[in-house]
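Here is a set of friendly questions about how the labels on a structure are earned. Each answer puts a value next to its definition and draws the conclusion.

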Amino acid sequence: MLGVCRGRRKFLAASLTLLCIPAITWLYLFAGSFEDGKPVSLSPLEAQPHSPRYTASSQRERESLEVRVREVEEENRALRRQLSLAQGRSPSHRRGNHSKTYSMEEGTGDSENLHAGIVAGNSSECGQQPVVEKCETIHVAIVCAGYNASRDVVTLVKSVLFHRRNPLHFHLIADSIAEQILATLFQTWMVPAVRVDFYNADELKSEVSWIPNKHYSGIYGLMKLVLTKTLPANLERVIVLDTDITFATDIAELWAVFHKFKGQQVLGLVENQSDWYLGNLWKNHRPWPALGRGYNTGVILLLLDKLRKMKWEQMWRLTAERELMGMLSTSLADQDIFNAVIKQNPFLVYQLPCFWNVQLSDHTRSEQCYRDVSDLKVIHWNSPKKLRVKNKHVEFFRNLYLTFLEYDGNLLRRELFGCPSEADVNSENLQKQLSELDEDDLCYEFRRERFTVHRTHLYFLHYEYEPASDNTDVTLVAQLSMDRLQMLEAICKHWEGPVSLALYLSDAEAQQFLRYAQGSEVLMGRHNVAYHIVYKEGQFYPVNLLRNVAMKHVGTPYMFLSDIDFLPMYGLYEYLRKSVIQLDLANTKKAMIVPAFETLRYRLSFPKSKAELLSMLDMGTLFTFSLDSSQTLSPNVSCKTTFPERCL
């Protein structure tokens with residue numbers, strides 16, 4: 001939201017005052033010059049000393065009115081000077097607005113600015129007004145761990161990118177899983193004017209592992225406490241966000257709030273919108289100490305440089321140690337400790353308006369934070385129920401969230417005009433190669449496809465598998481699009497070993513797949529299936545890219561490459577592992593040839609043995625698949641199969 005320069009407001013107020021005060025003054029004087037319905041002369045020449053009406057009291061009234069006139073005239077002259085100053089500065093205001101100047105919304109600690117008025121002689125406060133320069137980099141810190149949280153981060157980042165007009169620098173405190181997923185995602189996303197740095201969350205565990213925590217976020221829910229120690233020493237300020245946040249406005253507006261901090265204010269927080277810290281939710285409810293309702297830490301503004309000077313690390317540790325002696329554990333992770341510190345040191349906090357963190361938990365008072373859609377700034381899904389939370393306007397909030405969830409991330413690759421991006425060697429080489437192509441070539445679109453970088457989200461669902469220690473393990477590798485999704489359950493029933501799948505989907509289709517997988521008992525019962533989403537772009541189906549993505553993330557010594565519409569025979573996984581030992585594939589260059597079969601029947605009873613297979617071949621219900629489609633099985637070599645007995 002473009003800020004309105006406070007000087008302009010004063011300019012308008014001064015103009016209205018200049019017009020209104022003289023009129024009010026003369027009305028007052030005109031009314032005051034009547035007594036008993038007759039006019040009373042203010043001129044000394046018309047005074048009648050011998051008139052009965054000419055009394056001492058009327059003389060005093062006339063003198064007081066003359067004094068008032070002089071005061072009003074003096075005020076008018078002062079207003080004219082103010083007005084001329086404001087007019088002289090107004091062009092610079094326009095330039096500031098044109099260059100993306102953002103004013104911040106009112107929070108606590110701003111009454112001095114609100115009431116300073118004209119008396120202070122500041123006809124324009126643009127020099128003091130909090131602003132964000134057009135190309136100023138905004139720093140955002142997020143703690144992320146695991147597969148599900150990585151998906152949430154993508155939606156959060158989409159909402160930020162959609163509204164942003166400034167360069168962004170994301171500081172991601174991530175475990176090894178989230179770092180692998182998000183590093184690949186941002187590398188293939190290639191969003192201009194976005195930088196991402198990772199910090200190893202596993203190395204920070206020792207800093208907070210001594211704190212017992214009952215919150216579902218686990219140990220990672222405490223890591224915001226150590227950001228002053230984790231983030232670079234030269235980083236002065238940062239916006240800290242939970243992964244379940246959705247932005248409905250430009251994050252630069254929130255960044256501008258830093259300029260409103262005064263004195264020792266180092267934390268920007270929104271008041272907690274539930275009664276949790278009031279301790280009246282149930283009998284014997286005993287929350288951690290907090291100031292009033294307490295503060296929610298889903299959105300935090302941290303002045304890192306001042307926090308370090310205040311020895312924040314020592315401050316929160318001493319508070320946590322003291323409170324844990326009675327509380328034994330935290331219920332809301334870092335939020336409990338932040339509130340305990342603020343309870344003792346209320347001067348540390350700058351209270352943000354509640355629309356910067358509209359909390360959609362149960363028993364929330366969030367409805368008081370907005371009257372209209374335009375009032376919304378940040379939505380926080382801070383209930384374990386997430387999108388299923390009970391709220392009067394939850395349908396609207398859910399639709400807003402789903403909009404970003406299914407939004408085409410490729411559209412967010414837009415340049416920030418006027419803001420030079422850091423030199424990217426890969427991007428420069430890509431542009432050079434594209435410029436060398438002949439656009440008149442009939443195969444131009446096909447050749448150009450080679451240089452398309454597809455956004456890739458690895459391990460879209462939870463994955464957990466340790467390869468067998470005997471070095472005979474085999475991973476099934478396949479690639480598919482949305483129209484082959486129905487094959488997944490059948491393949492999982494036929495193949496009990498690890499699977500690596502590359503899915504070519506749009507953002508909206510990826511969410512359809514997620515709902516399909518989460519609703520399937522078969523797929524949810526398997527944690528050794530890796531789903532890698534390669535997002536659609538261009539008009540061609542990148543079969544080689546998909547195959548390479550699936551192959552690259554195989555964690556076993558051998559892989560079994562198959563088309564998605566082939567079903568392996570029951571028990572093939574164990575059979576292939578035994579064959580690896582029998583053929584000594586680890587020490588020789590032998591290859592196992594595996595044939596495939598096909599049928600024209602929609603419904604088919606799958607053969608359970610070689611004899612049954614031969615019988616079906618004789619009856620014509622099965623056919624040998626095209627000879628050139630059969631391939632091989634060996635380390636890093638692919639194959640296609642249904643029944644390996646045929647090749648022995």
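Q: Which residues does Thr456 touch, not counting residues up to four places away in sequence?
A: Thr456 touches Thr184, Leu185, Thr188, Ile533, Val534 and Val549, where contact means heavy atoms within 4.5 Å. This is a predicted model, so local features need pLDDT of at least 70 and side-chain atom pairs count only at pLDDT 80 or more, while totals for chains, interfaces and linings use all residues. Residues are numbered from 1 along each chain as its sequence is written, and side-chain values use heavy atoms, with hydrogens and water left out.

Q: Why is Thr456 called buried?
A: Buried means under 20% relative accessible area, exposed over 50%, and partly exposed in between (1.4 Å probe, protein chains only). Thr456 has a relative accessible area of 7%, so it counts as buried. Its place is in strand 13; helices (H or I, at least four residues) and strands (E, at least two) are DSSP runs, numbered from the N terminus. The C-alpha atoms of Thr456 and Lys536 are separated by 9.6 Å, with their positions 80 residues apart along the chain.

Q: What makes strand 13 and strand 17 the edge strands?
A: Two strands pair if DSSP finds at least two bridges between them. Five strands form an open sheet with mixed pairing, in the order 13-16-15-14-17. Strand 13 (456-457) and strand 17 (558-561) each pair on one side only, and that makes them the edge strands.

Q: How do you know that strand 13 and strand 16 pair?
A: Two bridges, in the antiparallel sense, join strand 13 to strand 16 (residues 529-535), and the rule asks for at least two. One residue pair to look at is His457, whose bridge partner in strand 16 is Ile533. Helix 16 packs on the sheet, touching strand 15 (499-505) and strand 16, and its direction makes about 135° with that of strand 15. Such axes are lines fitted to C-alpha atoms, for helices over the stretch in contact, and angles run from 0 to 180 degrees between N-to-C directions.

Q: How do you know that the span of helix 12 agrees with its number of residues?
A: The expected span is 1.5 Å times one less than the number of residues. For the 12 residues of helix 12 (residues 394-405) this should be 16 Å, and the end C-alpha atoms are 16 Å apart, so the two agree.

Q: What puts the buried residues of helix 12 on the same side?
A: The residues concerned are Val394, Phe397, Arg398, Tyr401, Phe404 and Leu405, which are buried. They cover an arc of only 125° around the axis, so they lie on the same side of helix 12; the arc is that of the directions from the helix axis to the C-beta atoms. What covers them includes helix 4 (147-163), strand 7 (245-247), strand 12 (378-380) and helix 16 (507-518).

Q: Why is the link of Cys135 and Cys419 called a disulfide?
A: A disulfide is a pair of cysteine sulfur atoms within 2.5 Å. The S to S distance for Cys135 and Cys419 is 2.1 Å, so the pair meets the rule. By this rule the count comes to one disulfide. The link is left-handed, with -95° about the S-S bond. Cys135 is in the loop between helix 3 (111-116) and strand 3 (138-144), and Cys419 is in the loop between helix 12 and helix 13 (425-435), 284 residues apart.

Q: Are Cys135 and Cys419 buried or partly exposed, and what makes them so?
A: Cys135 has 33% relative accessibility and therefore counts as partly exposed. Cys419, at 6%, counts as buried.

Q: Why is Leu328 called exposed?
A: Leu328 has 60% relative accessibility, so it counts as exposed. It is found in the loop between helix 10 (312-327) and helix 11 (334-344). Its phi is near 75°, a positive value in a residue other than glycine.

Q: Why is Tyr459 called buried?
A: At 9% relative accessibility, Tyr459 counts as buried. Tyr459 lies in the loop between strand 13 and strand 14 (474-481), and its phi is near 50°, again a positive value in a residue other than glycine.

Q: What makes strand 6 largely enclosed by the rest of the structure?
A: Four of the five residues of strand 6 (residues 237-241) are buried, so the description fits. Three bridges join strand 6 to strand 3, and these two run parallel. Five bridges join strand 6 to strand 9 (residues 295-303), and that pair runs antiparallel.
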